[in-house]
Amino acid sequence: MVRALLLAAGLGTRLQPLTNEWPKCLMPIGGRPLLEYWLQILRAADIREVLINTHFHADKVDAFLAREQFTGWVNTVHEVELLGTAGTLRANADFFLGHTTLLIHGDNWCQCDFNAFVSYHLHQRPAHCPVTMMTFDTDAPQSCGIVETDDQGVVMAFHEKIANPPGKRANAAVYLLEPEVLEWLGRRPEVSDFSTGVLPRFIGRIATWHNAGIS
């Protein structure tokens with residue numbers, strides 16, 4: 001069974017002054033909060049246990065999640081001080097114990113067939129890969145984290161926001177993780193950031209699933 005972590009505690013500094021009064025994860029897209037889209041996506045993918053971390057404007061996020069439609073399957077954990085993306089995973093490892101973990105940055109927009117993404121990870125990814133990363137093609141590769149893969153779609157190199165990256169296939173920052181990854185993280189309390197502290201250590205063991213829709 002898959003359980004999801006929606007990271008929603010960020011400060012949203014790039015959206016200031018809008019985020020001075022409102023959290024980025026609740027910013028409207030087409031008149032609906034971004035977080036609502038994510039929760040509908042997870043519900044449609046039959047994911048019934050979701051954890052959301054809160055920090056900035058936590059009261060507004062909590063008020064939104066108090067709606068009846070989220071009762072019983074959406075849980076929150078408040079971070080008095082931000083733990084970092086990997087730190088949040090480690091601090092809540094018991095919630096994901098024995099489950100595949102879907103890790104999502106809840107203040108990003110993404111559209112795709114999540115059922116296909118999950119199915120690929122569970123049934124089709126190369127057996128030696130405990131991580132599946134969603135990818136997409138970008139028209140601005142110099143502003144993204146670009147990945148190089150082998151003929152099985154396994155990540156062999158990362159190129160983070162460099163002037164002339166070798167391609168346009170980018171990391172969409174949506175991941176499926178097997179328990180091995182959280183076990184590895186639990187032994188390394190010094191690691192706080194997932195993208196810089198975890199992913200590089202799993203190069204050669206990260207499968208990719210390409211999002212041909214909008215990301």
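This passage looks at the surroundings of Glu-178, an internal cavity and the cysteines in a predicted model.

A good place to start is Glu-178, which sits in the loop that links β10 (169-177) to α6 (179-186). Its relative accessible area is 18%, so Glu-178 counts as buried, the cut-off being under 20%. Leaving aside residues up to four places away in sequence, Glu-178 touches Thr-100, His-121, Arg-125 and Pro-130. With one of these, Thr-100, there is also a polar contact between the two side chains, at 2.7 Å. Val-131 lies 47 residues from Glu-178 along the chain, yet the C-alpha atoms of Glu-178 and Val-131 are 6.5 Å apart.

Turning to internal space, a search of the whole structure returns 1 cavity of 30 Å³ or more. The volume of the largest cavity is about 40 Å³. Its lining brings together Ala-8, Ala-9 and Gly-10 with Pro-23, Lys-24 and Cys-25, and is completed by Phe-56 and Asp-107. Sorted by class, these lining residues comprise 5 nonpolar, 1 polar and 2 charged.

Cys-25, met above as a lining residue of the cavity, leads on to the cysteines. The model has 0 disulfides, given that a disulfide needs two cysteine sulfur atoms within 2.5 Å. For Cys-25, the nearest cysteine sulfur belongs to Cys-110 and is 16 Å away, and Cys-25 is in no disulfide. Cys-25 is buried, at 3% relative accessibility. Cys-144 is likewise in no disulfide, and its nearest cysteine sulfur, again that of Cys-110, is 13 Å away. With a relative accessible area of 15%, Cys-144 is buried too.

Conventions
Residues are numbered from 1 along each chain as its sequence is written. This is a predicted model: local features need pLDDT of at least 70, side-chain atom pairs count only at pLDDT 80 or more; totals for chains, interfaces and linings use all residues. Side-chain values use heavy atoms; hydrogens and water are left out. Helices (H or I, at least four residues) and strands (E, at least two) are DSSP runs, numbered from the N terminus. Buried means under 20% relative accessible area, exposed over 50%, partly exposed in between (1.4 Å probe, protein chains only). Contact means heavy atoms within 4.5 Å. A polar contact is a pair of N or O atoms within 3.5 Å; within protein, one must be able to donate a hydrogen and the other to accept it, and residues adjacent in sequence count only if both atoms are side-chain atoms. On a 1 Å grid over the protein atoms alone, a cavity is a set of points where a 1.4 Å probe fits but cannot get out, and a pocket is an open set with protein on both sides within 12 Å along at least five of seven lines; lining residues have an atom within 4 Å of a point. Grid points are joined across faces, edges and corners, and a volume is the space filled by probe spheres set on the points. Ala, Val, Leu, Ile, Met, Phe, Trp, Tyr, Cys and Pro count as nonpolar, Asp, Glu, Lys and Arg as charged, and the others, Gly among them, as polar.
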